[in-house]
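Dear colleague,

I am handing over the structure we spoke about, and I would be glad if you could keep it open while you read the notes that follow.

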Amino acid sequence: VIPGWFSEMSPMWPGEAHSLKVEKILFQGKSDFQNVMIFQSATYGKVLVLDGVIQVTERDECAYQEMITHLPLCSIPNPKKVLVIGGGDGGVLREVSRHSSVEQIDICEIDGMVVDVSKQYFPHLAVGFEDPRVTVNIGDGVAFLKAVPEGTYDAVIVDSSDPIGPAQELFEKPFFESVSKALRPGGVVCTQAESIWLHMHIIEDIAANCRQVFKGSVNYAWTTVPTYPSGVIGFMLCSTEGPAVDFKYPANPIDESKLKFYNSEIHSAAFCLPTFAKKVIDSK
Ligand code: AAT
């Protein structure tokens with residue numbers, strides 16, 4: 001541990017720890033679910049940390065929030081009803097709001113403290129909560145989805161933390177089954193699916209489960225986020241049985257002029273995988 005620096009350590013990335021220089025700790029609290037910390041970093045702006053794991057930094061959040069949102073929403077024509085699980089900072093809501101076809105945006109975040117501190121310290125993310133189409137639910141995403149009537153949503157975005165802690169069940173098959181039921185035929189899900197460098201075993205399990213549950217298609221895409229472990233993170237994108245979805249070619253392009261990261265070329269490129277990852281994911 002280097003004094004004055006934050007080091008991100010976890011059994012999920014043993015033997016390595018990315019560090020950021022801390023200018024000032026702005027908030028420290030303990031919610032019913034996790035430790036919540038916010039600090040001002042020297043080079044990445046403000047940083048939100050849950051249970052010692054970086055969730056968001058001001059500097060690179062666009063790479064994650066834009067990709068986890070626009071990969072699914074640009075893949076289907078006219079998305080109208082969208083559900084976000086997790087994402088309590090509001091960044092994904094901000095991105096969903098950019099789609100004018102969307103009429104209803106529901107979010108279910110387990111931890112009200114994440115929402116509160118984001119409104120206080122991350123106004124550029126929490127701006128997502130101000131959209132009148134948004135309905136906020138504070139509760140467990142697993143329970144929320146079980147109660148959703150069949151075929152409700154065009155898209156579900158699972159902006160979840162890592163599978164150690166309150167998000168564990170969001171990586172398991174019963175959860176994917178509820179997501180599938182909550183989607184209309186030909187609806188899509190995009191779920192945080194960890195790093196090809198660190199978590200091929202997790203990705204393998206997610207792919208295997210998703211292939212059993214989602215009868216449309218199952219694809220892995222990835223992006224670069226310098227403050228996430230190994231500097232990359234991926235998403236599993238799946239569709240339910242019904243009108244076919246070809247995720248690789250955005251059928252519903254968005255106005256890219258206001259975005260920092262996402263564009264149609266990066267959308268298609270995100271599905272190109274290194275050979276070692278392709279072998280594992282395609283074999284599932
Ligand atoms: N956009 C920020 C990136 C995140 S935040 C993940 C969110 O998921 C957190 O706010 C957390 O409180 C919430 N969450 C965890 N479990 C549940 C649950 N069961 N139901 C609803 N919300 C939940 C992800 C960062 C990825 C980090 C990669 N190392």
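Let me begin with the ligand, where strand E5 gives the most to the surrounding shell, with 4 residues. Please keep in mind throughout that this is a predicted model. Strand E5 covers residues 53–57, and it is joined by helix H1 (61–73) and strand E7 (104–109), each of the three supplying at least two residues of the shell around the ligand. In total 31 residues surround the ligand, and the closest are Asp 89, Glu 109, Asp 140, Gly 141 and Asp 159. If you sort the shell by class, you will find 14 nonpolar, 11 polar and 6 charged residues.

Which protein atoms lie 2.9 Å or 3.0 Å from a nitrogen atom of the ligand? In Gly 141 it is a backbone N or O atom, at 2.9 Å from a ligand nitrogen, whereas in Asp 162 it is a polar side-chain atom, also listed at 2.9 Å from a nitrogen atom of the ligand. For Pro 166, a polar backbone atom is found 3.0 Å from a nitrogen atom of the ligand. Taken alone the ligand exposes 680 Å², and the protein buries 100% of that. The space that the ligand takes up is the largest cavity.

Helix H1, which you have already met in the shell, also holds His 70. Is His 70 buried or exposed? With a relative accessible area of 0%, His 70 is buried, because a residue counts as buried when that value is under 20%. The side chain of His 70 makes a polar contact with the side chain of Glu 95, at 2.8 Å, and another with the side chain of His 99, at 2.9 Å.

Next come two residues to look at for their backbone angles. Most residues other than glycine have a negative phi. Glu 194, however, has a phi near 60°, which is a positive value in a residue other than glycine, and Ser 230 likewise has a positive phi, near 75°. You can find Glu 194 in the loop between strand E10 (183–192) and helix H7 (200–213), while Ser 230 sits in the loop between strand E11 (218–224) and strand E12 (232–239). As for their surroundings, Glu 194 counts as buried because its relative accessibility is 3%, whereas Ser 230, at 30% relative accessibility, counts as partly exposed.

Finally, here are two pairs of residues that you could use to find your way around the model. Ala 155 lies in strand E9, which runs over residues 153–159, and Ala 155 is buried, with a relative accessible area of 0%. Between Ala 155 and Glu 23 there are 39 Å in space, taken from C-alpha to C-alpha, and the two are 132 residues apart in sequence. Pro 243 is placed in the loop between strand E12 and helix H8 (264–269), and at 54% relative accessibility Pro 243 counts as exposed, because the cut-off for that word is over 50%. The C-alpha atoms of Pro 243 and Ile 85 are separated by 24 Å, and these two residues are 158 residues apart along the chain.

With best wishes

Key
Residues numbered from 1 in each chain as written. Predicted model: local features only at pLDDT ≥ 70, side-chain atom pairs only at ≥ 80, totals over all residues. Heavy atoms only, no water. Near = heavy atom within 4 Å. Polar contact = N/O pair within 3.5 Å; in protein donor to acceptor, adjacent residues only side chain to side chain. Areas by Shrake-Rupley, 256 points an atom, 1.4 Å probe, with all protein chains shown as cover. 1 Å grid on protein atoms, 1.4 Å probe; cavity = no way out; pocket = protein on both sides within 12 Å on 5 of 7 lines; lining within 4 Å. Sits in = over half its atoms within 2 Å of the grid points. Nonpolar A, V, L, I, M, F, W, Y, C, P; charged D, E, K, R; others polar. Buried < 20%, exposed > 50% of the residue type's maximum accessible area, 1.4 Å probe, protein only.
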